[in-house]
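Thanks for making time this morning. I would like to walk you through one model, strand by strand and helix by helix, and I will ask you to keep the structure in view while I talk.

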Amino acid sequence: MNYFILSQDERIINAVKPVGIAQVIKKELLTIERMEELEELERQFPVLEKGEMVYTDFIEKPIMLISDAVKQLVEKYVPNMPFKAVVLTDMPKLMQTLYWLVIPPKVRCLSAQTEFHLDGTLKKLVIDEQLAAPYSFFQIEGIKEQFIVVNIELAESILRRDFRGIRLQKIQTEGKWNDILSVGK
């Protein structure tokens, strides 16, 4: 099966940026075990004011947020995925936009073919299809980088919709499907 990294399209230079979110929602809270602690935190943030902003359907930094439309799609593939609402506020325009903080499960699916730089960052990512197979929307355990990974069915559903600011990058895989697709090369 094919898998893809979900990322924000950096070509959209005027994408909305939440302000102060990383100071309130700390990285150590972004685990399924600590997700309930987020209930106690203020989850409404102003946006960086700059001209005409584009509210993309995926915000990668400083923390990953998805739009309400993407959340509804993900729920069709992963009904029990935990989400927490985050509201982005544009005060001058008196506008609020709902986004969702999502913490996908971390899946141990690295292939032995994965290569790392000396500092522990990825040089070449390869995932094991069999270990990733039960999951449609997940993160990869054992790497420093924080990627959201989607399987081909969810990736195709994303591409069929009119989402803005989402990029999908294919991940190299090891397993049955990779072997079948490599025969013709």
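Let me begin at a single pair of residues: A85 has W100, in strand 6, as its bridge partner. That pair belongs to the antiparallel pairing of strand 5, residues 83–90, with strand 6, which extends over eight bridges. Before I go further, please bear in mind that this is a predicted model, with a mean pLDDT of 90 over the protein chain and 95% of the residues at 70 or more. Confidence is highest in helix 2, at a mean of 97, and lowest in helix 5, residues 176–182, at a mean of 55. Where pLDDT is low, the predicted coordinates should not be read in detail, and I will leave that part of the chain aside.

Back to the two strands, then. Strand 5 and strand 6 form a hairpin with four residues between the strands, and in this hairpin L94 takes a positive phi near 50°. W100 also stands opposite I66, a pair that sits within the antiparallel pairing of strand 4, residues 65–67, with strand 6, residues 95–102, over three bridges.

What is the order of the strands in this five-stranded sheet? The sheet is open, it reads 2-5-6-4-3, and its pairing is mixed. Strand 2, residues 44–46, and strand 3, residues 58–59, each have a single partner strand and stand at the edges, so each has one side without a neighbour in the sheet. Strand 2 runs parallel to strand 5, to which three bridges join it, and within strand 5 the bridge partner of F45 is L88.

One residue of strand 5 deserves a closer look, namely T89. Is T89 buried or exposed? With a relative accessible area of 7%, T89 falls under the 20% cut-off and is therefore buried. Its side chain makes a polar contact of 3.1 Å with the side chain of Q44. If we set aside neighbours within four places in sequence, the contacts of T89 are Q44, F45, P46, V47, M95 and Q96.

Now to the helix on this sheet. Helix 2 lies across strand 4, strand 5 and strand 6, and runs at about 90° to strand 4. Its buried residues are V70, K71, L73 and V74. Seen down the axis of helix 2, these residues fall within an arc of 165°, so they line one face of the helix. They pack against strand 4, strand 5 and strand 6, and also against strand 11, helix 4 and strand 13.

Those last elements bring us to the other sheet, in which six strands form an open arrangement in the order 7-11-12-1-13-10, again with mixed pairing. Here strand 7, 106–107, and strand 10, 126–128, stand at the edges with a single partner strand each, so one side of each is left without a neighbour in the sheet. Strand 1, residues 3–8, and strand 13, residues 166–174, run antiparallel and are joined by six bridges, and L6 stands opposite L168 in strand 13. Helix 4, residues 152–160, packs on this sheet, where it touches strand 1, strand 11, strand 12 and strand 13, and its direction makes about 95° with that of strand 12.

Which residues of helix 4 are buried? They are L154, A155, S157 and I158. These cover an arc of only 160° around the axis, which puts them on the same side of helix 4, whereas L159 and R160 are exposed on the face turned away from that buried side. The cover over the buried residues includes helix 2, together with strand 1, strand 11, strand 12 and strand 13.

I would like to close on I127, which is found in strand 10 and is buried, with a relative accessible area of 0%. Not counting residues up to four places away in sequence, I127 touches Y3, C109, S111, A132, F138, I140, I171, Q172, T173 and E174. Between I127 and A112 there are 8.4 Å in space, C-alpha to C-alpha, although they are 15 residues apart in sequence.

Key:
Residues numbered from 1 in each chain as written. Predicted model: local features only at pLDDT ≥ 70, side-chain atom pairs only at ≥ 80, totals over all residues. Heavy atoms only, no water. Pairing = 2+ DSSP bridges. Contact = heavy atoms within 4.5 Å. Axes fitted to C-alpha atoms, helices over the stretch in contact; angles between N-to-C directions. Buried < 20%, exposed > 50% of the residue type's maximum accessible area, 1.4 Å probe, protein only. Arc of directions from axis to C-beta. pLDDT = per-residue confidence, 0-100. Polar contact = N/O pair within 3.5 Å; in protein donor to acceptor, adjacent residues only side chain to side chain.
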